[in-house]
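The following note is offered to a student who is reading a protein model closely. Please keep the sequence and the structure in view while working through the numbered points.

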Amino acid sequence: RESKGKLPRYPGLERWTLVEKMGDGAFSNVYRAKDTQGQYPEVAIKVVRKFEMNSTQGDNIMHPDFKKQPKTVERANILKEVQIMRQIDHPNIVKLVDFSESRQYYYIVLELCPGGELFHQIVRLTYFSEDLSRHVIVQVAKALEYLHEEAGVVHRDIKPENLLFYPIPFIPTKNPKPRSAEDEDKADEGEFIKGAGSGGIGVIKIADFGLSKVIWDSQTMTPCGTVGYTAPEIVKDERYSKSVDMWALGCVLYTLLCGFPPFYDESIQVLTEKVARGQYTFLSPWWDDISKPAQDLVSHLLTVDPEKRYDINQFLNHPWIRETQEETYAAA
Ligand code: ADP
Ligand code: MG
């Protein structure tokens, strides 16, 4: 953690006192900050440099088109990200507080998620119990349901690094048993912190609308910029773009349940092939004790044909999800 003295000062950000650096994105630094005017609770500020923004996008292996993601962030993209966030209001989506810019930077002021990335929790807990996985994935799905069905937006960059959370004070730990010999060893050494059985970890929020896209006008409920003359391929295209989020949702669910992603290879070429063919397995021993309904749900999301892949409503109506319908996932 950086000390206060080391944090940079940005022109035009005088209202906010930077407290610590929270994240390094490909194009941005994200800081936790306090409001000197006391109007807002602590916020997160995403500072995006305007120039030298060439970097390594297209790194999301949970995205079926991961090679095709853009390599640069342009002004229009930042404005689009902000514009989309302005229209969005959901307890499971990070809220935009303010947007401004200076000569060299854009400043995106966001609702703070003090728990940080879900990614770090997967690393810390090794994997999540089915109950905890459900608790998390339902919240992500509620956000997607809102985006897809109400806001007419596709996110297109769902992955554990872009899923943040607002923690509840107590994070319970305990899985019935470790799943592999390696895990047994860790457990013996007292290092193995098991996924929570119940109680959850808090409110999950989707962040990073940098690759998101509006697919239809939420006012008129029609595809973007058209008045009833929409060609079939456009209508189809919208369905496909939603299905991209569903694929990623499947990758996240898979990763939560076992602790490693469904598709991986050191060679990008081989990895691309595996994704294109939908070549994954429920690897033993890690998947041995994971329920059939959970596996069934994952396989309906990691379906190569987007026409056959589950949409958000099919997802929410799957037996494994409906098991805990009585539970509510309201915002903190
Ligand atoms: P990029 O487009 O560069 O990936 P993100 O919006 O994903 O930028 O932010 C980068 C990282 O900063 C996130 O992965 C997360 O660790 C942290 N971060 C972003 N927004 C917040 C927030 N609202 N609260 C807490 N941490 C955040
Ligand atoms: Mg990100």
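1. In which sense do β3 and β5 pair, and over how many bridges? The model is a predicted one. In it, β3 and β5 are paired in the antiparallel sense, over seven bridges. Within this pairing, Ile 45 stands opposite Val 109 in β5.

2. On its other partner, β3 may be examined in a similar way. Strand β2, which covers residues 28–35, pairs with β3 in the antiparallel sense over six bridges. Here Tyr 31 stands opposite Ile 45 in β3. As for its surroundings, β3 is mostly covered, since five of its seven residues are buried.

3. These pairings belong to an open sheet of five strands, ordered β1-β2-β3-β5-β4, with antiparallel pairing. The edges are occupied by β1 (16–24) and β4 (96–101); each has a single partner strand, so one side of each is left without a neighbour in the sheet. From one strand to the next, the twist averages 25 degrees. As general background, the strands of a sheet pair through backbone hydrogen bonds, in either a parallel or an antiparallel manner.

4. The edge strand β4 pairs with strand β5 (residues 105–111) in the antiparallel sense, over five bridges. In this pair, Leu 96 stands opposite Leu 110 in β5. Helix α1, residues 75–86, packs on the sheet and touches β3 (43–49), β4 and β5. The direction of α1 makes about 155 degrees with that of β4.

5. Which residues touch the most other members of the largest nonpolar core? This core has 75 residues, and those with the most contacts to other members are Ile 45, Val 140, Leu 249, Val 252, Leu 253 and Leu 301. Helix α5 (residues 232–258) supplies the largest share of this core, namely twelve residues. In soluble globular proteins, nonpolar side chains tend to be buried together.

6. Val 140 deserves a separate remark. Leaving aside residues up to four places away in sequence, Val 140 touches Leu 163, Ile 204, Ile 206, Leu 249 and Val 252. Of these, Leu 249 and Val 252 are also among the core residues that touch the most other members.

7. Finally, consider Glu 273, which lies in helix α6 (residues 268–277). Why does Glu 273 count as partly exposed? It has 13 C-beta neighbours inside 10 Å, whereas a residue is called buried at 20 or more and exposed at 12 or fewer. Glu 273 and Phe 263 are ten residues apart in sequence, and their C-alpha atoms are 9.9 Å apart in space.

Definitions and conventions
Residues are numbered from 1 along each chain as its sequence is written. Chains are lettered from A and ligands numbered from 1 in the order in which they are written. This is a predicted model: local features need pLDDT of at least 70, side-chain atom pairs count only at pLDDT 80 or more; totals for chains, interfaces and linings use all residues. Two strands pair if DSSP finds at least two bridges between them. Helices (H or I, at least four residues) and strands (E, at least two) are DSSP runs, numbered from the N terminus. Axes are lines fitted to C-alpha atoms, for helices over the stretch in contact, and angles run from 0 to 180 degrees between N-to-C directions. Two residues are in contact if their C-beta atoms, placed from the backbone, lie within 7 Å. A nonpolar core is a set of buried Ala, Val, Leu, Ile, Met, Phe, Trp, Tyr and Cys residues joined through C-beta atoms within 7 Å.
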